[in-house]
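Visitor: I would like a close look at a single part of this protein, taken slowly and with its surroundings in view. Please choose one place in the fold and explain how it is built.

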Amino acid sequence: MHARIRVQCFLHTNIRTTPPLVVIVFVCVCVLLFFPLSNCMDFVFFLPFLPLPLFVPLVAFVVLFLLWVETRVVRILWANAATKKKKEAGEGGDCTNTHTHTQKERKRDRQTAMSADERFDTMLLAIAQQHDGIDSILDTFFSFLGRKTDFFTQPQKARESVQRALERHLVRAEERLQKKQTEEALRKQKDAASRVEVLEDEEEAASKAAAKAAAEAAKRKAEMEKAANAVANAKEDEDGMKPKGLPPTAGNGFDYEHYMFSQTLQEVEVRVPLPIANAKGRDLDIVLQQRHMRVGMKGKTPIVNGDLYAAVKAEECMWTIEDGSTVVITLTKMNQMEWWKTVIAGDAEIDLQKVVPENSKLDDLDSETRQTVEKMMYDQRQKAMGLPTSEEQQKRDMLAKFMAAHPEMDFSQAKIC
């Protein structure tokens, strides 16, 4: 048994491709060469009398041929069984594969139907371009059916055929229209939800910005009141002088409740916090004039509104929005040789005695302008201390020299103008 299995394996792997005709022809040739059947005797009668050297090969070839036939039959049976199992597995397989296959078939059917509907589009489009409207196209088509076919020989069937075709295409058109309307409604609903979400976010951001601006304004107001109380309760210094205003910031300005400012001799920068976030230019109401300034939101009470401390060059003034929450205004002074005590007339003023100009700015000026600036700063300090300015001191010196030169004259009623 084991020897038979080994022989079958050998045949299956090595002799399975051997054509059976070769084996049959070889056996027949051997028999005809060595044992001609001219006497019409049965071949089986001669088998016992065959010499051993010829009998063994003949039997071996017959056995090999039978084993080869058996191997081929077994292979065919195995192949049929495997095919049957695969088919059963495919029929009872995953529903997802079946569903996917069905979807693909439907898509292919739709594409086939669409291609069938569109195959005459070029010709029909050329025909339609030669007509003035749908009525003319229909007249031409039905005229063709009446002249070249027997379509109208049975009016009732013709009417039913037209009605069926019309209803079929109307149903398709209604389905497309309904689908389009549904998609449009979903899109509008989605856009509306998105707008609502954006509006809610904007309202939340605006409320946070307003709360933040109010808190910062209250903080600045408290600090200004504290500074004002300190000035009011300040004692005289060694020279017998008391502060004559609020202490200026590092930018030679001050932080008020609704705005902050800094300055140089040429310009004043005003920063106005806004109660909203992501502010745009169209949201603001800003007016910059020679003697007046107004800053606020459109339709609301202005945040800053009043006359300026001094005149400005309105055509050179400008404003920008910083970080969407702060208006930055640049005012160009008309008189660029004086310091401002405040921006809006009537607000608490700073002490000009404590104004510190930037050395780098003075170094950038030419000698004549620098002398003028230094003279102006000296005069301001003299005035703040109640002392004569450089010009007044010069006039007093000239009067003293004249009095010394004319001692005979009476200068008791002389006044310096």
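Guide: Let us begin with E322, which counts as partly exposed because its relative accessibility is 32%, a value that lies between the cut-offs of under 20% for buried and over 50% for exposed. The model in front of you is predicted, and what follows should be read with that in mind. The side chain of E322 meets that of R271 in a salt bridge, with 2.3 Å from N to O. This pair links distant parts of the chain, since E322 belongs to strand β7 and R271 to strand β3, and the two residues are 51 residues apart.

R271 is itself partly exposed, with a relative accessible area of 24%, and it has another acidic partner in E269, where the closest N and O atoms of the salt bridge are 3.8 Å apart. E269 is also partly exposed, at a relative accessible area of 31%. Through shared partners, the salt bridges join E269, R271 and E322 into one network. As a general matter, side chains of opposite charge can pair when their charged atoms come close.

To see what carries this network, consider the strands around it. There is an open sheet of 5 strands with antiparallel pairing, and its order is β1-β2-β3-β8-β7. The edges are taken by β1 (254–255) and β7, and because each of these has a single partner strand, one side of each is left without a neighbour in the sheet. E322 therefore sits in a strand, β7, that stands at an edge of the sheet, whereas R271 is in β3, a strand that the sheet order places between β2 and β8.

The two sides of β3 can be followed in turn. On one side, strand β2 (residues 260–263) pairs with β3 (residues 267–273) in the antiparallel sense over 4 bridges, and a hairpin of 3 residues joins β2 to β3. Within this pairing R271 has M260 opposite it, while F261 has V270 of β3 as its bridge partner. On the other side, β3 pairs with strand β8 (residues 326–332), again in the antiparallel sense, over 7 bridges. Here E269, one of the members of the charged network, has T330 of β8 as its bridge partner.

Two loops next to these strands deserve attention for their backbone. D323 is found in the loop between β7 (318–322) and β8, and it has a positive phi of about 60° although it is not a glycine. D323 counts as exposed, because its relative accessibility is 70% and the cut-off for that class is over 50%. N278, in the loop between β3 and β4 (284–288), likewise shows a positive phi in a residue other than glycine, near 55°. N278 is exposed as well, with a relative accessible area of 59%.

The loop that holds N278 leads from β3 to β4, and β4 belongs to an open sheet of 3 strands, with the order β4-β5-β6 and antiparallel pairing. In this sheet β4 and β6 (304–307) stand at the edges, each with a single partner strand, so one side of each has no neighbour in the sheet. Neighbouring strands here are turned by 10° against each other on average, direction ignored. Strand β5 (residues 292–297) and β6 run antiparallel and are joined by 4 bridges, with V295 having V304 of β6 as its bridge partner.

For comparison with the network, there is a salt bridge set within a helix. K395 pairs with E391, their closest N and O atoms being 4.0 Å apart, and both residues lie in helix α11 (residues 390–405), 4 residues apart, about one turn of the helix. K395 is partly exposed at a relative accessible area of 32%, and E391 is also partly exposed, at 46% relative accessibility. The structure holds 5 salt bridges, the pairs described here among them.

Finally, the part can be set against the protein chain as a whole, whose secondary structure comes to 11 helices and 8 strands. Of its 417 residues, 21% count as buried. The chain exposes about 30600 Å², of which carbon and sulfur atoms supply 57%. Among contacts between residues at least 6 apart in sequence, 54% join residues at least 24 apart.

Methods:
Residues numbered from 1 in each chain as written. Predicted model: local features only at pLDDT ≥ 70, side-chain atom pairs only at ≥ 80, totals over all residues. Heavy atoms only, no water. Pairing = 2+ DSSP bridges. Buried < 20%, exposed > 50% of the residue type's maximum accessible area, 1.4 Å probe, protein only. Contact = heavy atoms within 4.5 Å. Areas by Shrake-Rupley, 256 points an atom, 1.4 Å probe, with all protein chains shown as cover. Axes fitted to C-alpha atoms, helices over the stretch in contact; angles between N-to-C directions.
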